[in-house]
Amino acid sequence: MQTGQQAAAAWAEVLAHIIDAGHLATGEQLSTVVDCAVREVGLTAEVLMVDLAQHVLTPVRPEPGGEVAVSGTMAGRAYQLGEILPATDDRGRVLWVPMLDGADRAGVVRIGLDQVLDAGVEDGPLLRRWVWTLAGLVGHLVMTKVVYSDRLRRWRSGGPLSLPSELLWQLVPPRTFATERVVVSAVLEPHDQVAGDAYDYNVEGDVMDLAVFDATGHDIRAGVTTALAITAIRNARRAGEKDLVAVAARADAFISAQPGPVQFTTAVLARLDTATGVLEYVLAGHPAPLLIRHGKVVKELTAPPRPPLGVTVAGGLPTAVEREQLEPGDQLLLYSDGVTEARDADGVFFGEQRLVELAEHAVAAELSAPETLRRLAAAVMEHQGGRLQDDATLLLIDWSAGGHHRMFPTFPDV
């Protein structure tokens, strides 16, 4: 039986092997790299990455096949709940381990246990902590390879993307980010056809900048308009501009200066002080965010009307920055009208009330922010028969000291 010190030394070698081999490995070689490394401690491994729609987990290896559904499987349940789950499949006894890139859900790692269990090693907290650390390293490694691997991008997209969608997915940040104070998570649907919707966020010290966009149209011009809005706003921030009115004005000027027919995008621009909970925001023709407190939607964050970004008038726009004091544990849900205006076969809107009810149900279930949004997006897609006629964006901010814990496994004391 290994001592804790011996196990630590063995696992240090495993992690070093993966880091060293990872420098020169191509994306599709990652499962092989990880599997070779963990065999030194009596395990086997396979890396599976999730697609943008969060429907399928695909093995990261050269040979095709072996996909696992996110719904109705133990692998998918581990992905959804962020917990390490034991199971038995056609290859033996396994642990399904959530794989994150930072806080962004990247997939799962299948850890084969037969050899170590037969040798009398316990599937206990210590082993699970090590495989969790392993999955964290691998999650970072996988996403660095996606940047320059079209094969990984195809697995990630789950099929071909439209040209506007290809553009926007290159621009948006990871779908989930977290600190000990705040979690922000977003989804875009339909992921393969999104044209004018997008989201953005930025973190600098205690301050988090947030934005959701919805450009007119559903073609490449809509995608370009949103791309211009994101670029203009980032450009203003990076130049040191902190006033949201001035940031919006930068986007107005940039979009309106483009040749051709008039284009514009609705938007929510917000800034959250994660130390104090003070939220500043501007609504540019966009649906009002929903404030969730103690598991209930308590209000809409309304503001005086302000035209969409790209619409300019002589003498400037009378834009005001609104402020809201959040309480610890508050959540803020931003969305585009493609969510509430999704229609079923009978023409019935999904509607804000249904969105409110589903959001409250997810909060009551104490789901993580990314899992809350995955389920909300699935409900919107189901309402419209699996195919949206308009882009739909959801972005959830969880300002609490415990939001990040819901994304990570729980471990008994070692």
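**Exercise 1.** Which residue forms a salt bridge with aspartate 398?

*Solution.* Before we start, note that this is a predicted model, where local features need pLDDT of at least 70, side-chain atom pairs count only at pLDDT 80 or more, and totals for chains, interfaces and linings use all residues. Residues are numbered from 1 along each chain as its sequence is written, and side-chain values use heavy atoms, with hydrogens and water left out.

Step 1: look for a salt bridge (a side-chain nitrogen of Lys or Arg within 4 Å of a carboxyl oxygen of Asp or Glu). The partner is arginine 406, with the closest N and O atoms 2.7 Å apart.

Step 2: check accessibility, where buried means under 20% relative accessible area, exposed over 50%, and partly exposed in between (1.4 Å probe, protein chains only). Aspartate 398 is buried at 2%, whereas arginine 406 is partly exposed at 30%.

**Exercise 2.** Find the partner of arginine 271 and place both residues.

*Solution.* Step 1: arginine 271 pairs with aspartate 209 in a salt bridge, the closest N and O atoms being 2.7 Å apart.

Step 2: strands here are DSSP runs (E, at least two residues), and helices are too (H or I, at least four), numbered from the N terminus. Arginine 271 sits in strand β11 (residues 265-273) and aspartate 209 in strand β10 (residues 207-215), so the pair ties together parts 62 residues apart in sequence.

Step 3: both arginine 271 and aspartate 209 are buried.

**Exercise 3.** How many salt bridges does the structure hold, and which residues join Glu46 in a network?

*Solution.* Step 1: the count is 23.

Step 2: Arg61, Glu63 and Arg91 are linked with Glu46 in a network of salt bridges.
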